[in-house]
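This briefing covers salt bridges, backbone features, two helix residues and the overall build of the chain. Please read it alongside the sequence and the model.

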Amino acid sequence: MSGQIEIPQHLLPGDGRFGSGPTKVRSEALESLLSVGSRYLGTSHRRPAVKDVVGRIRSGLRSLYSLPDDYEVVLGVGGATAFWDVAVFGLIEERSEHLVFGEFSGKFASSVAKAPHLLSPLIVESQPGTHPQVVTDPSVDTYAFTHNETTTGVMMPIVRPGAPGIVVVDATSAAGAMPVDTGEFDVYYFSLQKAFGSEGGLWVALMSPAALRRVEMIAVSGRYVPPFLDMTAAIENSRKDQTVNTPALATLFLMAEQVDWMIERGGLAWSVGRAGENAAAVYGWAESVPYASPFVSEQAERSPVTATIDFVGVEALELAAVLRSNGIVDVEPYRKLGRNQLRIGMWPSIPIDDIEALIGSIDYVVSALDS
Ligand SMILES: *Cc1c(COP(=O)(O)O)cnc(C)c1O
């Protein structure tokens, strides 16, 4: 029955990609990649054609974040998941504290818990849909925060805990779309397939002098570090606009395009504003219709990039299936959360018109399913 629901053309968004990662890649960026295609793809990452793109990303991020001169932009292969292991070997001295409030924050904590060279991490957990509060502890040398927990749609403020220790922030879905004060973190790391609308496979870390000192200190301590996860090698290569091993060149290019796109339009404040406008529309709508409501009850904790919206009286999975058959993809709920909800990506790459069309399309399908 639901398979036959056809959303009228005039209600549909121009682009149907609303996933939480990978996210919509802008077609302008893709066309730009095609236009340099044969001079770029398939060429050496140790030569200017590619190193210049890495340089564009590094200087672009420096400008996007107004990074202090002594901060560095470091990158490596493997995405945020690989970076957790990089941190296990190269950033945590003895003991870390993890605020766990979803799948991703939990995964980093469990990587640490299994590392034989570290003490058991201090794990502070909260109910899904909320975030925990930091607990300072003199045994902790590294505080692990998550700016936006993509799996639950909860964001937390990035503020130093007021105790010694470096602050390491998983900003995978926040970077490029949420504001942050560079004085409040030591490492702000992320993959490129979320707000930066690029592809997977790389991690980037904005690092403070304290973080760089920590890496150096561990490097001389004699700890065994698997070469692929060696932070010092990543730092040295990044300074030369290179990576330790071969990166995905398309990922680099699409990232450079997105960073320049954000800067040209007004920088981080502009891209934060785009996501914020999208989020205001989605949450405002969810609060105004009887069949939907925001999962995150604290308004201040609602993610501006990944909205988790609960439904009543409508099967969210059925709703998502109908949307999918009409070309609106990846709004399915995060499965492990086990709620009757949709999760909607509201990235800076998505114009407000498309968000409004998505909302109109959902309303249309809900009433069609009801009749
Ligand atoms: C997507 C995501 C990750 C995982 O990124 P990968 O590039 O797949 O390793 C980690 N943390 C957060 C917060 C994410 O949103």
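K336 and E103 meet through their side chains in a salt bridge, with 3.2 Å from N to O. This contact links distant parts of the chain, since the two residues are 233 residues apart. The model is a predicted one, and a search of the whole structure finds 15 salt bridges.

**The K336–E103 pair**

- K336 sits in the loop between α9 (316–325) and β12 (341–345), while E103 belongs to helix α4, which covers residues 103–113.
- K336 has a relative accessible area of 56%, so this residue counts as exposed, the cut-off being over 50%.
- E103, at 22%, is partly exposed, because buried would require a value under 20%.

**The D260–R56 pair and its network**

- A second salt bridge joins the side chains of D260 and R56, at 2.9 Å from N to O.
- The partners again come from distant parts of the chain: D260 is in helix α7 (residues 249–265) and R56 in helix α2 (residues 48–64), with their positions 204 residues apart.
- D260 is partly exposed, with a relative accessibility of 23%.
- R56 is also partly exposed, and its relative accessible area is 26%.

**The R324–D330 pair**

- R324 and D330 form a salt bridge through their side chains, at 2.8 Å from N to O.
- R324 has a relative accessibility of 36% and counts as partly exposed.
- D330 is partly exposed as well, at 35%.
- Elsewhere, R56, E257 and D260 are joined into one network by salt bridges that share partners.

**Backbone features**

- D330 also stands out in its backbone: phi is near 70 degrees, a positive value in a residue other than glycine.
- The position of D330 is in the loop between α9 and β12.
- D241 is another non-glycine residue with a positive phi, here about 60 degrees.
- D241 is found in the loop between α6 (231–239) and α7.
- The peptide bond that runs from G21 to P22 is cis, and its omega is near -5 degrees.
- P22 belongs to the segment before α1 (27–40).

**S238 in helix α6**

- S238 is a residue of helix α6.
- Its relative accessibility is 1%, so S238 counts as buried, the limit being under 20%.
- Leaving out residues up to four places away in sequence, S238 touches R58, V73, V74 and L75.

**L249 in helix α7**

- L249 is part of helix α7.
- The relative accessible area of L249 is 12%, which places this residue among the buried ones.
- L249 and Y40 are 209 residues apart along the chain, and 7.9 Å separates their C-alpha atoms.
- Beyond its neighbours up to four places away in sequence, L249 touches Y40, L41, G42, T43, H45 and V50.

**Overall build**

- The chain contains 10 helices and 12 strands.
- Its radius of gyration is 21 Å, close to the 21 Å given by the globule rule for 371 residues, so the chain is as compact as a globular protein of that length.
- Along the principal axes, the C-alpha trace spans about 70 × 50 × 30 Å.
- Of the 371 residues, 58% are buried.
- Among contacts with a separation of 6 or more, 72% are made by residues 24 or more positions apart.

**Surface and charge**

- The accessible surface of the chain is about 15,100 Å², and carbon and sulfur atoms account for 52% of this area.
- The chain carries 28 positive and 43 negative charges, and the mean positions of the two sets are 7 Å apart.

Methods
Residues are numbered from 1 along each chain as its sequence is written. This is a predicted model: local features need pLDDT of at least 70, side-chain atom pairs count only at pLDDT 80 or more; totals for chains, interfaces and linings use all residues. Side-chain values use heavy atoms; hydrogens and water are left out. Helices (H or I, at least four residues) and strands (E, at least two) are DSSP runs, numbered from the N terminus. The radius of gyration is taken over C-alpha atoms; the globule rule is 2.2 Å times the number of residues to the power 0.38. Buried means under 20% relative accessible area, exposed over 50%, partly exposed in between (1.4 Å probe, protein chains only). Contact means heavy atoms within 4.5 Å. Accessible areas come from the Shrake-Rupley method with a 1.4 Å probe; for residues, only the protein chains shown count as cover. Lys and Arg count as positive and Asp and Glu as negative; His and the chain ends are not counted. The place of a charge is taken as NZ of Lys, CZ of Arg, CG of Asp or CD of Glu. A salt bridge is a side-chain nitrogen of Lys or Arg within 4 Å of a carboxyl oxygen of Asp or Glu.
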